[in-house]
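Opening the notebook on a new model. I'll jot down what I look up as I go.

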Amino acid sequence: MSIELTHEPSVIEGRPALKTIDASIIKPMNNLPDKRFWAAMGLTLTMLGIGALALGMSFYRGLGLWGVNNPVGWGFAIINFVFWVGIGHAGTLISAILFLFRQKWRTGIARFAEGMTIFAVMTAGIFPLIHVGRPWLAGYLFPYPNQHSLWVNFTSPLLWDVFAVSTYFTVSFVFWYIGLIPDFATMRDRLANSTMVEKVKKTVYSVLSLGWRFSNRHWSHYEMMYLVLAGFATPLVLSVHTIVSFDFAVSIMPGWHTTIFPPYFVAGAVFSGFAMVQNALIIIRKVYDLEYIITLDTLEKMNKIIILTGLMVGYAYGMEFFIAWYSGHEVESFAFVNRAFGPYAWAYWIMVSCNVIAPQFFWIKKLRTNIPFMFIIAVLVNVGMWFERFVITVTSLSRDYLPSSWAYYVPTIYDIGILIGSFGWFFTLLLIFTRTMPVVSIAEVKAVVDGSQPTHHGLEHHSEEGH
Amino acid sequence: MESLKPKFWKSLNQYNQKPESLEAARNEFVNGATADFDLNALPDKSRRKFLALMGASGALAATACSDYHDKGEIITYNKKPASVTYGEANYYASTLNNGTGVLIKTREGRPVKIDGNPEHPISKGKISTVEQALIMELYDPGRLRYPIKKSDSKLVLYKDEMPRSEWEKIDTQVVEKLNQAVSEGKEIAIVTHSVISPTQNKLFNDFSSKYPNTKIYSYELFSDSQRRAAWYDAYGQESLPAIKFDAADVILSFECDFLGSEGDITEQIRMFSSRRDKDNPENFNKLYQIEGNYSVTGAMSDYRIRLTPENQYDFIMSLAAEIVSKGKSALASEGLNTLLSGYNLKSFSEKNQINSKVLNELVHDIIAKGNKTLAVAGIMHPKPIHLAINLLNEVLGSIPNVYDLNTKLELQRPLSSDKEIETLISNLNSGKVGVLIHFDTNPVYHFPTDSGYKAAYTKAGTIISMVESANESCEANQYIIAVNNALESWGDFKPRTGIYSLQQPVISPIHDTRQKEAVLLNWMSSDVNAYSHDIYHKYLMSHWETDIYTQSNSATGFREYWFAALHDGIALISENSGNEALQFNINAVNFNKFSFTKQNYTLILKPSYYIGDGRYANNGWLQEVPNPVTKSVWDNYAMMSPATAKELSVTYGEDKLNRVADMVEVSVSGRTLKLPVMIQPGMADKVIVVDLGYGRTTIGEIGRNIGFNAGELMSAKGGISPWMFTGVNVSKTEGQYELVSTQEHHSLDEEFVKDFHLKRHIINEYTVPFYTEFRKKYDAAKIRLKSEFAGDEEAYKKALKSEKIHLLGHHEYKTHSITPDRVYSDVKWAMAIDLNKCTACGACVTSCNVENNIPIVGKEEVSRGRDMHWMRIDTYFSGTPDAPVTSFQPMLCQHCDNAPCENVCPVVATTHSPDGLNQMTYNRCVGTRYCANNCPYKVRRYNFFDFRNDFADGYYRQDTLELLNNPEVTVRSRGVMEKCTFCTQRIQESRTEAAKNGRKIKDGDVITACQEACPASAITFGDMNNPESPVSGLREHPLGYFVLETISVKPNVTYISRLRNIVAEENHGEH
């Protein structure tokens, strides 16, 4: 059998008719949810409820319910914040950066990843507001004209966060919405107008599609707009976690005060983001019969990115140690030795094994293309990346300059409850998303199906060669 | 005619100039509108009547429904008293119940802080940690609010509401009982603590003549009874002279914790520290601590010798023998050689493995310094050891030098002997005691369990407890007389020869209480119902008029004399101590050779550093001041050496999650107690030390069931001494217990984290010889550089600094900033702390707590690392587990010029002031905790809860405690960061004062609370921009350093390196 090596295999398996694509993507929105959906929803809502209860108690009594102490002033809340912002990186990376690099395989996963970005940032955004001691005054963090004639402090990285995260959220949201417009129009057009439900849905989709008519002029503007937004979003992917890393890097704490943090945080964010997209998509493609669009080949490509970013993260771990030793600064070197061999060594080694060792299995093609296996690895990567933030936040604070002020941080059930709640919130939003909007871009998929684009060899050339 | 018509008109009548219309226009108001308002004249349904009635009934309803009830005592300042100015504090000199002279700060008639009385010759303006915190006792919600007749044994004192009794009823009944006891020939027993008040003593005498069967018993859980007895045997004097710790060049302290828990520590710390002047290292005293315990005095010592208490007698005698054998004895007595035969220092030291270098040094020093050497033994030591100490001091010839023979430590009546207490108990048992009065005492808790007092006292005909708050001795059915706090009382105290200290009330009794002396006095009067609050005041004055004033040879009249004494809080009268001609009776020491056989474990029971004999257990501030050595709070425990712990296979704090301790069972001749273990490096092996004063069961809610009552191990028969036992069995037992400390300590052999305080230059220390040598070179360099850089002050300073760094063998760290340094053109506040003087007593911590309204958080919150102290004392150990070297460091906000907390706050809640303070704006703070994370000194404290609600179910919300707060300092709410402010409220007050006087604030105007309290005067505060100020001198001092200088945050707190008076091959500060 001859394989044409110069030719990229199709990103969509088979050669589905455009109608089939429409139907299979839109199916979840037209049918009533089944039991599996309600079971999943029940689970995520329970988790959300646990989180709400824990948070409510924390608001009522005070942050003392959490494990934070003196010297470890930041605990789960900040860890979760950094974790969720990190998760939010994959979407915009996939849809913007890979778009600019003309990576067609992104088509099947871009929409879903973008959605995840929005929800992850929505989850992350909660934490800076709830982690403050007086959340009812969290408004002070925003620069708005007020009667106190007080202004915010622009030298504080926490304030940079406010801008970085809100900008990132806004741009990602706009990008996501623009991409959705042609699909909303498709949904509008496919709906009958007979029942009351259909009428309501049709109205909603009509409004959301902003009068899209699939005209050439519309497409031309759309493509240009999409390109511009992709260009606009690209630096933001890099900037948001860079700025989040400044929360640590700008401080003077040993183990935080390092220049490697910005690239290291971005790599880690992409790493965990891909793992999370991987996890969710493996389930989605199965449940919604989208295996021919989100192909194994796509998953494998994502795994390759996971190896790459995993190696970057591993490099950063090593480099941190090297620099700590090379600096000759006693406190700094101790901070790193203490990470690996101090009281939090367990957390450090969980982090290293999940983030550095686990992805190495993906060098083997058989494992890289084994769906259950890659699911497990992706879960491990997420665990590892959560622990990375734990290690960074907690170990440095727990043993800093004065040995007299060292202390061990132990989370409480309220911390854990809020962490569970954040997953509940994220997945609840995600589940609603899968039933209300197309999780795969209908328009873009149609564009990458074999034969949908003109070629030099004529319309039928590929199919003769490939199939 | 036309022109007369008005141009503008309201009606045709006006236009036509009708007369009635002209008349109406002349009146401004319509007819009737200006008539007087008469409610009754108005029609029934008029609007005005309705509004008037509404208003009146509303006001009436509001008054009737409000909760205000006139309590009578509260008088608002309708007319401002002449002595009170709103917002300005008044200070009154007074005396606490232990005889300490104090100055009480009151605001609008409300006492808010207790400080030392500068006029007082003993405390000299300083008071101890405990005394600082006593302000809380006044407002303690657990205080009794009225007298009680407890006749229902089912009622539990601390749980149930006790029925209120009328004073008149109680008084009448008690007098009946007293008369009945007299007529039946039964004893009236008054159990009191030591009597240091002359007037109180006179009252007891008068009471005894009114009721002839009265017997007064006085006791203390801890006293210098053993030392007194030894002094009596050796010199035939009843009372001890005061010890001059500042007169000794060398101090040999045998288990004597004179800087921590025994004696008048304020005075002792001052005396000790006065010989630690960094600028006069030749004059440094040298402290040798020989102990089995690890006390704070041991931590401060230059050399420490681990030795179990039993062996210390032999050691003292061997030292005496060594001096005699070298022919250096100042005592020439025939009996001396016989007495010391058999003692040989060499064989003793070999047997007990005493470090020969240290021992040689010691022998060399005591021979060289001779009569400038003070040997002193701890009060827990038995009489024979104190006798041996007397002998050693005689051999050294130091008695006239190191004892203030003109000043006796006075007691108005000697403490009751064990025999007298025994008689009291047997009298109680045989029903011979008609009336038993606990005169502000708690004998049920204090007397050893096996004395049988607890069972016996219930057999007294009538029991009366005069107490501020209910205690264990109030459990039986009895009269519980609620008495005044010291701040509500009149009194006088004579702690030493010629020193009369006066007590005056600074607030009228908050509750329905009476002064205990007044109650007794009232029972002596013919008509008990004619009680008046000033009876004891009058009694006191008349006693002074007849007895004390007459001795004073004062030229003024009595009233002037009295008011002058009251104003100063003190009257000094020259008296003869009768101590001048001491005759040492060597035969007193010459009893059968005294030797303790070391069996099994040795137990030492010692007073707790802060809650004393348990009477302050309900004072949360004191429970939460960390033990200076172990840093633990809210507990007592069995302290033991690491080797002993290993032998018993017990551990402490191995688990990182909880600082859990294994439990041991300590048993002394059948008396047992289970205690958690605390491992303390440096203790002698097989020695167990336990603090007394814990495990109170009947007390306010703060102190109830905190720790373990080690009093249960005491015996009426005593051990080696009442507080020392040998032949003690200790074994590991079931269970574990969480001990909480404010500082994590690491095992000294843990290489991973060893000596970080030295490696990181948190603690800089040198030896006296090194520094003396350095100083010579440094002074020479000064002269050389001065001429080299003549006129160029800046260059001179820079060169001098690098010279200093070079001579000390340090590195110079150069840091560069991209922003220009801020210029402080006016005053700039700075602090300096002299680590030579600081003895970690904690007075600064409590003073800060009281001044700044710092909440108590409780044991559980401390265990989670949430203690709120703005000022803390860090303890670091280096060396080996057997011979640890301790370094103390008071740590507070360093007010860095480049404060790392400031730039990270997103809401500008922490900023820098033009006078150099790092300040917190509580209102602005949202609580991100970023500032605390970024603080390298970890001095910022966060309100994780509203501790005023959260601590002990809203303890702080109870009515009286609200009076405790300093009105000048904001009470912080939940979610807010706080920290040391350099007492900014005091700075503001001084600034206002200076402005009123038309000048600028200057150095010396402000004294911070910690500085004010420090008995050692280790803290200096002032304007560093003033080159003449003490603090700017200290910043330039060659021993001055900043903690963590390398990170360039530019702190404004300078530490003066500690000099250890040791001979060492290597300098301690170098690494």
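How many helices and strands are there in chain A? I count 17 helices and zero strands there, keeping in mind that this is a predicted model.

Next I looked up the overall shape of chain A. The radius of gyration comes out at 24 Å, close to the 23 Å that the globule rule gives for 467 residues, so chain A is as compact as a globular protein of that length. I also took the box along the principal axes: the C-alpha atoms of chain A fill roughly 75 × 60 × 40 Å.

Then burial and contacts. Of the 467 residues in chain A, 57% are buried. Among the chain A contacts with a separation of 6 or more, 81% are between residues 24 or more positions apart.

Surface and charge came after that. Chain A exposes about 19,500 Å², and carbon and sulfur atoms supply 71% of that area. I find 30 positive and 27 negative side chains in chain A, with the centres of the two sets 8 Å apart.

Last entry, cysteines. How many disulfides does the structure hold over all chains? Zero, it turns out. I checked B:Cys893: its closest cysteine sulfur is in B:Cys980, 5.5 Å away, which is too far for a bond, because a pair must have its sulfur atoms within 2.5 Å to count as a disulfide. Is B:Cys893 buried or exposed? B:Cys893 is buried, with a relative accessible area of 5%. I looked up B:Cys474 as well, and that residue is buried at a relative accessible area of 0%.

Definitions and conventions: Residues are numbered from 1 along each chain as its sequence is written. Chains are lettered from A and ligands numbered from 1 in the order in which they are written. This is a predicted model: local features need pLDDT of at least 70, side-chain atom pairs count only at pLDDT 80 or more; totals for chains, interfaces and linings use all residues. Side-chain values use heavy atoms; hydrogens and water are left out. Helices (H or I, at least four residues) and strands (E, at least two) are DSSP runs, numbered from the N terminus. The radius of gyration is taken over C-alpha atoms; the globule rule is 2.2 Å times the number of residues to the power 0.38. Buried means under 20% relative accessible area, exposed over 50%, partly exposed in between (1.4 Å probe, protein chains only). Contact means heavy atoms within 4.5 Å. Accessible areas come from the Shrake-Rupley method with a 1.4 Å probe; for residues, only the protein chains shown count as cover. Lys and Arg count as positive and Asp and Glu as negative; His and the chain ends are not counted. The place of a charge is taken as NZ of Lys, CZ of Arg, CG of Asp or CD of Glu.
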